[in-house]
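Please work through the exercises below with the sequence and the structure at hand. Each task is followed by a solution in steps.

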Amino acid sequence: MSEQPRDSSAPTLFTWEFASDPYPAYAWLRDHAPVHRTTLPSGVDAWLVTRYADARRALADPRLSKNPQRHSAAAHAKGKVGIPGERRAELMTHLLNIDPPDHTRLRRLVSKAFTPRRVAAFAPRVRTLTDQLIDAFEERGEADLIHEFAFPLPIYAICDLLGVPREDQDDFRDWAGAMIRHGGGPRGGVARAVKRIRAYLGELIHRKRLELAEWREEEDGEDLISGLIRAGDHGEHLTENEAAAMAFILLFAGFETTVNLIGNGVYALLRHPEQRALMQRALEEGDERLLAAGVEELLRYDGPVEIATWRFATEPLTLAGQHIAEGEPVLVVLAAADRDPERFAEPDVLDLTRRDNQHLGYGHGIHYCLGAPLARLEAQTAIATLLRRLPGLRLAEDPEDLRWRGGLIMRGLRTLPVTWDSADG
């Protein structure tokens with residue numbers, strides 16, 4: 001990797017202290033080294049892009065490939081990139097790892113599951129799941145909102161969308177739990193969970209293919225896995241590995257992002273009582289316009305994805321004055337870009353009424369998050385229902401005692417202990 005001068009005043013990255021509050025370090029990088037070379041905890045050397053304008057350009061730059069095979073051999077030998085176990089489980093061919101034209105083809109097949117009409121039709125199920133989860137702990141007067149609420153809600157929702165039978169969804173919840181705990185455990189635990197999910201998806205695809213052979217006509221509200229199988233059978237050239245990989249990444253990307261969006265969002269509201277009160281007043285008055293704008297601000301302020309997934313230079317290029325060699329990894333730091341004062345007024349202030357809010361929380365360009373409409377629906381439903389049903393919700397621990405999951409891509413709390421007067425409900 002090409003050389004970059006070292007600055008002795010540069011902040012230390014990727015420690016547990018950094019994970020608790022990375023924003024001062026990102027501010028330093030934006031000011032002093034907006035495209036910064038660092039060695040990641042995995043041993044891989046990579047470039048971090050921290051300014052909004054540079055980040056937006058990089059996210060849409062066709063010279064930055066999503067394909068890990070573009071990673072230079074010398075750099076790849078130093079450490080691992082991507083999700084542990086995905087290569088061995090033959091789950092590499094998904095939207096986060098491919099470029100056009102394959103990306104265009106696969107995204108087109110999946111996009112119909114996330115149309116506004118399809119997501120709106122799914123809203124009653126999300127509301128039912130949300131109420132059921134709150135019902136389970138409402139009378140106790142205390143809960144861990146991560147493990148009892150923010151985690152199960154998107155798991156069950158994405159399982160329904162994929163077509164995982166209800167009787168199998170608790171197994172999925174266990175496997176997903178092993179994946180989301182990766183920051184506190186060995187990579188091998190994640191790889192084992194990935195292997196189990198891959199085996200299950202292979203069996204499920206086989207069962208659904210047999211069922212579809214008996215029902216030739218597409219049904220309204222057909223689940224996503226059935227839709228992928230149909231597409232392959234209708235000449236869209238979708239292999240079983242591609243179908244399994246697509247289902248896998250929709251599960252992986254579709255639940256952990258939303259877990260963190262709900263968890264980080266509720267935590268931010270509890271730390272900013274004036275903004276939380278503003279939201280509650282709007283909901284009490286039946287005005288949900290602030291809810292939609294507020295979730296966008298929560299995405300910007302402390303979003304669920306800290307760093308966009310891997311990109312690799314397909315040719316030598318220059319970014320903000322730094323020369324990046326072919327094959328070198330580039331990581332766009334969304335959390336830094338969305339606090340850039342050159343783009344956002346008072347970026348370190350949580351303002352639910354913020355209007356000019358073109359954040360990068362869901363990415364930009366052809367890899368813009370496909371499931372963003374569903375994540376927004378789940379977050380808006382979860383936050384609104386919590387505030388309505390538990391208006392006295394408050395933190396049960398000092399914020400300094402809370403721990404964030406260590407990890408490169410995602411940003412989320414390990415636990416979020418809360419309490420309320422049981423009469424609230």
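The exercises that follow concern a predicted model.

**Exercise 1. The overall picture**

Task: State how many helices and strands the protein has, and what share of its residues is buried.

Solution. Step 1: The protein contains 16 helices and 10 strands. Step 2: Of its 425 residues, 56% are buried. Step 3: The exposed surface comes to about 18900 Å², and carbon and sulfur atoms supply 49% of it. Step 4: Among the contacts with a separation of 6 or more, 74% join residues 24 or more positions apart.

**Exercise 2. The span and cover of a helix**

Task: Determine whether the length of helix α14 agrees or disagrees with a rise of 1.5 Å a residue, and find what covers its buried residues.

Solution. Step 1: Helix α14 comprises residues 289-302, which are 14 residues. Step 2: The expected span is 1.5 Å times one less than the number of residues, so α14 should span 20 Å. Step 3: The end C-alpha atoms of α14 are 20 Å apart, which agrees with the expected span. Step 4: In α14, 11 of the 14 residues are buried, so the helix is mostly covered under the cut-off of 20% relative accessible area. Step 5: The buried residues include Leu-290, Leu-291, Val-295 and Tyr-301. Step 6: Their cover includes α2, α12, α13 and α16.

**Exercise 3. Salt bridges between separate parts**

Task: For three of the salt bridges, identify which parts of the protein are tied together, and state whether the partners are buried or partly exposed.

Solution. Step 1: The structure holds 20 salt bridges. Step 2: One of them joins the side chains of Arg-125 and Asp-160 at 2.5 Å, N to O. Arg-125 belongs to helix α6 and Asp-160 to helix α8, so this pair ties together parts 35 residues apart in sequence. Both Arg-125 and Asp-160 are buried.

Step 3: Another salt bridge links Arg-207 and Asp-168 at 3.7 Å, N to O. Arg-207 lies in helix α10, whereas Asp-168 lies in the loop between α8 and α9, so the pair connects parts 39 residues apart in sequence. Arg-207 counts as partly exposed because its relative accessibility is 34%; Asp-168 is buried, at 16%.

Step 4: Glu-256 and Arg-405 meet in a further salt bridge at 4.0 Å, N to O. Glu-256 is in helix α12 and Arg-405 is in the loop between β9 and β10, so parts 149 residues apart in sequence are tied together. Both Glu-256 and Arg-405 are buried.

Technical notes. Residues are numbered from 1 along each chain as its sequence is written. This is a predicted model: local features need pLDDT of at least 70, side-chain atom pairs count only at pLDDT 80 or more; totals for chains, interfaces and linings use all residues. Side-chain values use heavy atoms; hydrogens and water are left out. Helices (H or I, at least four residues) and strands (E, at least two) are DSSP runs, numbered from the N terminus. Buried means under 20% relative accessible area, exposed over 50%, partly exposed in between (1.4 Å probe, protein chains only). Contact means heavy atoms within 4.5 Å. Accessible areas come from the Shrake-Rupley method with a 1.4 Å probe; for residues, only the protein chains shown count as cover.
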